[in-house]
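Today I am opening a new notebook page on how strands and helices are arranged. Have the structure open beside you and follow along.

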Amino acid sequence: RIVPLLPKQRQTLLFSATLAPEITTLAAQFMRKPREVQIARPNAVAVGVSHRVHPVDAEKKRDLLLHLLAADSRRQTLVFARTKHGSDKLCKYLDQHGFRVAAIHGNKSQGQRTRALADFKAGKTTVLVATDIAARGLDIVQLPAVVNYDLPMVAQDYIHSIGRTGRAGAEGLALSLVSREEEGRLRAIRRLLKQDLAIEPIEGFEPAWNLRLDGPASAMRKPGRNNGNAPRNSAKPGKPSHARRPHAQRGKEEHSAGNKRRSNWRGNANSRKA
């Protein structure tokens with residue numbers, strides 16, 4: 001709607017915190033051979049950020065967060081929760097336990113979000129609870145720690161959340177509280193980062209299950225994709241190499257027969273039409 005109102009002879013500059021494929025497509029619609037200036041490679045993580053994973057049963061997450069925050073109650077911490085309702089509940093819980101806390105999410109007005117962020121930057125609150133979307137682009141100087149109370153559904157969002165700490169060469173700490181239901185998300189994050197994450201159970205909050213992330217992060221691959229180490233039709237362990245051939249051959253025969261039937265049907269239909 002805006003572009004048709006602009007002069008045909010113009011200079012256009014597009015700024016974006018991230019260049020997702022959708023943004024690149026949009027830019028191509030109204031920019032001619034633009035030059036791109038990028039300050040960091042995609043999915044880049046600041047080298048000064050330390051990653052720690054604390055496995056915990058889902059019902060003990062709140063108590064573990066309380067334990068971690070109480071270890072240094074003066075440290076400013078940004079906590080990411082997955083939902084707006086969850087952010088409010090967590091904010092209320094921390095407030096009841098004596099923490100100076102505020103929340104930022106989509107249900108808050110712009111004034112409320114601006115005030116909460118200003119109070120956090122000024123040190124009036126020490127804990128800021130936010131959803132990932134609401135926290136995009138927040139610039140908080142010298143933020144020492146970020147806690148992923150809930151792991152993001154999309155691995156790339158982990159990059160955005162922990163990117164609030166360790167900025168401008170400073171050191172930062174990224175803590176993730178991982179329940180059993182979130183193991184798959186953690187594996188996706190490891191694949192994206194291509195690095196191992198320190199897994200540190202906290203005494204008194206050890207889960208009733210073992211967090212297992214098989215193999216080094218650099219060797220992990222997406223399920224269902226061939227990594228070049230074995231043929232795609234290789235047999236499963238314990239089965240002879242020819243075990244799957246009859247099925248594959250049968251599939252080809254059925255496919256050919258189906259094509260032949262469709263050809264005959266089209267021919268008959270054309271004959272009837274003629």
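I began with one helix pair: R62, D63, L65, L66 and L69 in α2 meet L90, Y93 and L94 in α3. Contact here means heavy atoms within 4.5 Å, and helices (H or I, at least four residues) and strands (E, at least two) are DSSP runs, numbered from the N terminus. By class, this contact has 6 nonpolar, no polar and 2 charged residues. Ala, Val, Leu, Ile, Met, Phe, Trp, Tyr, Cys and Pro count as nonpolar, Asp, Glu, Lys and Arg as charged, and the others, Gly among them, as polar.

A note on the source: this is a predicted model, where local features need pLDDT of at least 70, side-chain atom pairs count only at pLDDT 80 or more, and totals for chains, interfaces and linings use all residues. Residues are numbered from 1 along each chain as its sequence is written, and side-chain values use heavy atoms, with hydrogens and water left out.

Next I looked up the sheet. I found 7 strands in an open sheet, ordered β3-β4-β2-β5-β6-β1-β7, with parallel pairing; two strands pair if DSSP finds at least two bridges between them. β3 (101-104) and β7 (198-199) stand at the edges with a single partner strand each, so one side of each has no neighbour in the sheet.

Then I checked β7 and its partner. Strand β1 (residues 49-55) runs parallel to β7 and is joined to it by 2 bridges. In this pair, V53 stands opposite I199 of β7.
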